[in-house]
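Dear colleague,

I am handing over the structure below, together with an account of what was found in it. Please read the text with the model open beside you.

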Amino acid sequence: MPIWPFSRREKRAEALSPDQRWALAATALYTELNEGYHDRLIPIAGFDVKAERESVQEMWGIEGADHAVPALDWLVSEGHRGTILSETGREGTAWDLVRVINLSRILYGAGYLTEAQAWASMIQAARSLRATYSSWGEMGEAFLHGRDWWAKGRSAAFQTAHVRLLDPQNADSPWNQVAWNSMEPAVSAAEWRSN
């Protein structure tokens, strides 16, 4: 049975914890491309539950709440990073963990994760990103390398979003609003998987 998150008001930035704001900022590349919310758990305005359920079923094989956590666990425990490393010589942790956060947002909106499940997954992935990289720019570039591998080339739209997010004059960029060091790193992705 789906969990319907729309019966309550969505938290906005002023009500979010620093760790929640950090986790949302980690998905800024997706959010910029989709013209979505940088300050809410629901990723975009007009979130279409039916369309998003169809999308996660097609792309991830997620057919309901009972498939949501295993899909996230796969990204955390395996994902594509091993293949990316063996094929490109570059690590792919950001590609997997940013997708954990983004997919958690979508699964919450689709009613397949509770708010508590979504935030717990997102914050743990965010802490692992914080432990793995030294800046938004480094994490963003690592994400783009993973996406390049997946898409077989660099997306001009993602590249433009990356440049825009890093622009110090862009007051709307969550990467300029949320300091990289504002979240304490917890564990590396490898340590997280073993817990």
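Helices in what follows are DSSP runs of H or I with at least four residues, numbered from the N terminus. In those terms, N181 is found in the loop between helix 10 and helix 11, and the other places named below are to be read in the same manner. Please keep in mind throughout that this is a predicted model.

Overall picture

The protein has 11 helices and 0 strands, and its pattern along the sequence is accordingly written α-α-α-α-α-α-α-α-α-α-α. Of its 195 residues, 50% are buried. When contacts between residues at least 6 apart in sequence are taken together, 72% of them join residues that are at least 24 apart.

Helix 1 and its surroundings

How many of the 9 residues of helix 1 are buried? The count is 7 of 9, and helix 1 is therefore largely enclosed by the rest of the structure. The residues concerned are D19, Q20, W22, A23, L24, A25 and A26, and the buried residues of this helix pack against helix 2, helix 6, helix 7, helix 8 and helix 10.

One of these partners can be described in more detail. Two packed helices are described by the angle between their axes and the distance between the axes. For helix 1 (residues 18-26) and helix 7 (residues 115-132), the angle is about 75° and the axes are 9 Å apart. Because angles of 65 to 115 degrees count as roughly perpendicular, helix 1 is given that description relative to helix 7. On the side of helix 1, the contact is made by D19, Q20, W22, A23, L24 and A26, while helix 7 contributes W119, M122, I123, A126, R127, L129 and R130. Sorted by class, this contact comprises 9 nonpolar residues, 1 polar residue and 3 charged residues.

The loop between helix 10 and helix 11 also comes into this part of the account. S182 is placed in that loop, with helix 11 covering 189-194, and, once its neighbours within four places in sequence are left aside, S182 is in contact with D19 and W22. The C-alpha atoms of S182 and R21 are separated by 9.6 Å, although the two residues are 161 residues apart along the chain. N181 gives a similar kind of pairing, with its C-alpha atom 9.5 Å from that of W22 and the two positions 159 residues apart along the chain. As to accessibility, S182 is partly exposed, with a relative accessible area of 36%, whereas N181 counts as exposed at 54%.

Helix 3 against helix 6

A second helix pair is formed by helix 3 (residues 49-60) and helix 6 (residues 93-109), whose axes come within 9 Å and cross at roughly 135°. That angle makes helix 3 oblique to helix 6, and the crossing is left-handed. Helix 3 brings V49, E52, V56 and W60 to the contact, where they meet R99, L103, I106, L107 and G109 of helix 6. By class, the residues of this contact divide into 6 nonpolar, 1 polar and 2 charged.

One face of helix 9

In helix 9 (residues 156-166), the buried residues are F158, A161, H162 and L165. Why can they be said to line one face of the helix? Viewed down the axis of helix 9, these buried residues fall within an arc of 100°, so they line one face. As general background, an α-helix has 3.6 residues a turn, so residues three or four places apart point the same way. The buried residues of helix 9 pack against helix 2 (28-33), helix 8 (136-151) and helix 10 (174-177).

Two residues with positive phi

Finally, two loop residues deserve a look at the backbone. E35 has a phi near 50°, which is a positive value in a residue other than glycine, and its place is in the loop between helix 2 and helix 3. K152, which is not a glycine either, has a positive phi of about 65° and lies in the loop between helix 8 and helix 9. Are these residues buried or exposed? E35 counts as exposed at 72% relative accessibility, and K152 is exposed with a relative accessible area of 68%.

With kind regards

Key
Residues are numbered from 1 along each chain as its sequence is written. This is a predicted model: local features need pLDDT of at least 70, side-chain atom pairs count only at pLDDT 80 or more; totals for chains, interfaces and linings use all residues. Side-chain values use heavy atoms; hydrogens and water are left out. Axes are lines fitted to C-alpha atoms, for helices over the stretch in contact, and angles run from 0 to 180 degrees between N-to-C directions. Angles under 35 degrees count as roughly parallel, over 145 as roughly antiparallel, 65 to 115 as roughly perpendicular and the rest as oblique. Contact means heavy atoms within 4.5 Å. Ala, Val, Leu, Ile, Met, Phe, Trp, Tyr, Cys and Pro count as nonpolar, Asp, Glu, Lys and Arg as charged, and the others, Gly among them, as polar. A crossing is left-handed if the near helix is turned anticlockwise from the far one by less than a right angle, and right-handed if clockwise. Buried means under 20% relative accessible area, exposed over 50%, partly exposed in between (1.4 Å probe, protein chains only). The arc is that of the directions from the helix axis to the C-beta atoms.
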